[in-house]
Amino acid sequence: MGSRADDDEVETKELDIRSMSSSSRQTHNMQYVHKVGVPPKQNLFKEFATTVKETFFADDPLRPFKDQPKTRKFILGIQAIFPILEWGRSYNLTKFKGDIIAGLTIASLCIPQDIAYAKLAHLDPQYGLYSSFVPPLIYAFMGSSRDIAIGPVAVVSLLLGTLLQNEIDPTKNATEYRRLAFTATFFAGITQATLGILRLGFLIDFLSHAAVVGFMGGAAITIGLQQLKGLLGINKFTTNTDIISVMRSVWGTVHHGWNWQTIVIGVSFLCFLLFAKYIGKKNRKLFWVPAIAPLISVILSTFFVYITRADKEGVQIVKHIQKGINPPSVDKIFFTGPYVLKGFKIGAVAGMIGLTEAVAIGRTFASMKDYQLDGNKEMVALGAMNVVGSMTSCYVATGSFSRSAVNYMAGCQTAVSNVIMSCVVFLTLEFITPLFKYTPNAILAAIIISAIVGLIDVQAAILIWKIDKFDFVACMGAFFGVVFSSVEIGLLIAVSISFAKILLQVTRPRTAVLGKIPRTNVYRNILQYPDAVNVPGVLIVRVDSAIYFSNSNYVKERILRWLTDEEEKVKAACLPRVQFLIVEMSPVTDIDTSGIHAFEELHRSLEKKGVQLILANPGPVVIDKLHLSNFANSIGEDKIFLTVAEAVSSCYPNPVVEV
């Protein structure tokens, strides 16, 4: 009996020790549970000012002006508008050597391209040269990119030509057509400069990379098809740009409209140009070969046509290019009348596309040379040069990728390379233009086709398919819209799909069920980590987005659906029912009144089911709003935790030892 009493006493002591140990562990656990901090109250005006600053002045452009005397502030202000005054002070002979070589190289490329691109815009050849004379000079003073080469580009030329000819026939009414072109250029510049001044550059980011890849590829195909007229020597050609109309026009004239001499010239020099591009691609040191190939092609083909008088055999030639520099065109811009609004619409579209291309090119080369590019300054510079250009007989100019790449590889150091190019174009306009009289149209078509080959980025499309199928839909939608309908329809599809993707991501945010990684206190997505285990009786859901009016109802319903699915699983497996639902809110950056209302409804639904709602790690903005709305008090302050691990510990205070 005494032995039995001793055993009972020992067992009682062991139970007491276990109880004390458990109590000690619980106390030990609880003392490390941290409350979620509520940020201090902010002044309403200060909060609004912070929001505006982060939206429009994220790069803090006024930082250099802080604590500076008035004289210094004035100098910095002038330098901000004209960056040349800043980098010009350190300019030296070594940099000039690099710039003059690069400038001469891109000039040899731009002259034949400008003549060809002007035809894409349905303008006389000299207008292409005008657009490579004045705008690059303005940009050199105001632009912040060291590598971008300014001038007409194929896509904008095609877009402008297509939209303008929908309003005015360029053949029957050439004067009014030119006036509308200058008006569109003026408003393109106004649009670009306004976006820069108001710091709304982020708007161009709404056109996704995938949509731009598709649009550029479709535009390249369309441009190439348009060149079949010059390459085959066809006189009567469709004004439509869709592939079906173009191919019908091409094959409809196969027996009587093609000129074999034109085909020989065009195809021969096209092969030469493509071979030159291949050499430059294979050996980067020979970058100058594809750069000077177009000019060599123009010289040789012009000489060939002149000595053989092939123009008398049906080979179409440029004929006359007006000599002299840009005549003023301020009086030709429509500031009143029915064409003002049309010019604004066309200019705004062309300006946005030109802006997208130029900023993308500038950022690419800035990252390669490791310097910062101010996007808003670029917009102001591009806008200013197009406004001035519209007043000096230019049409929309922007950054050219092919010329910028040559400029970079030729060793340019600053924007002075654009000045050198402008000087060469000036000399061409003053003295050399009569020599282009016998240049065949076929060679211009060949130059355009060889230039736009690089716009078709198949590898980028394949990568987009691998990474994001929805992005690929946007890419192909833009591509087929341009190819089978028109440039404007393709652009509309590109923008629409880009916005649709944003709306889809905002209205249908991702959610995930979290599980515990074995032998850790880390909780992760069970789909990403299959070895993560569910905590019995607890469902942990993470919301991967801010919760707004547009998605609050979906988030609530999706969480309840996760709960229903989990209840069905545990019931089938005869496991303990779900008693706690933890919402991991780390990715939730913000919540509005609709979102809070949705959580109130979720809380009521869970109470009816006998499930306790617990929140984990809400951010400063979210926790502040939860307190202001009194929702934090509704569910209880003790139901809001800093981490998921602490939230789980509150459900089961006695930790389970994992083996």
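Tutor: Before we start, a pocket here is an open set of grid points with protein on both sides within 12 Å along at least five of seven lines. Keep in mind that this is a predicted model.

Student: What is the volume of the second largest pocket?

Tutor: A volume here is the space filled by probe spheres set on the grid points. For the second largest pocket, that comes to about 1,400 Å³.

Student: Which residues lining that pocket are the closest to its centre?

Tutor: The lining has 46 residues. Helices give two or more residues each to it, including helix 2 (44–56), helix 9 (174–197) and helix 15 (339–369). By class, the lining divides into 20 nonpolar, 14 polar and twelve charged residues. The ones closest to the centre are D59, A80, S144, D374 and K377.

Student: Let's move on to strand 6. Are its residues buried or exposed?

Tutor: Take residues 580–584 by the way they point: F580, I582 and E584 go one way from the strand, while L581 and V583 go the other way. Buried means under 20% relative accessible area. Five of the five residues in strand 6 meet that, so they count as buried.

Student: Which strands are joined to strand 6 by five bridges?

Tutor: Look at one partner, where R542 stands opposite E584 of strand 6. On another, I614 stands opposite I582. Both pairings run parallel, with five bridges each, and the partners are strand 5 (residues 538–543) and strand 7 (residues 612–616).

Student: Which helix does the chain pass through from strand 6 to strand 7, and what is the handedness of that crossover?

Tutor: Start with the unit made by strand 5, helix 23 and strand 6, a right-handed β-α-β. From strand 6 the chain then crosses to strand 7 in another β-α-β crossover. The helix on that path is helix 24, and the crossover is right-handed.

Student: Now for the cavities. How many of 30 Å³ or more does the structure hold?

Tutor: Rolling a probe the size of a water molecule over the atoms shows where empty space is left. The second largest cavity has about 30 Å³ of space. With the cut-off at 30 Å³ or more, the count of cavities is two.

Student: Which elements give two or more residues to the lining of the second largest cavity?

Tutor: Its lining is I547, S552, V555, K556, I559, G595, A598, F599 and L602. By class, that is six nonpolar, two polar and one charged. The elements giving two or more of these residues are helix 23 (552–572) and helix 24 (593–609).

How values were computed
Residues numbered from 1 in each chain as written. Predicted model: local features only at pLDDT ≥ 70, side-chain atom pairs only at ≥ 80, totals over all residues. Heavy atoms only, no water. 1 Å grid on protein atoms, 1.4 Å probe; cavity = no way out; pocket = protein on both sides within 12 Å on 5 of 7 lines; lining within 4 Å. Helix = DSSP H or I, 4+ residues; strand = E, 2+ residues; numbered from the N terminus. Nonpolar A, V, L, I, M, F, W, Y, C, P; charged D, E, K, R; others polar. Buried < 20%, exposed > 50% of the residue type's maximum accessible area, 1.4 Å probe, protein only. Pairing = 2+ DSSP bridges. Right-handed = clockwise from strand over helix to strand, strands pointing away.
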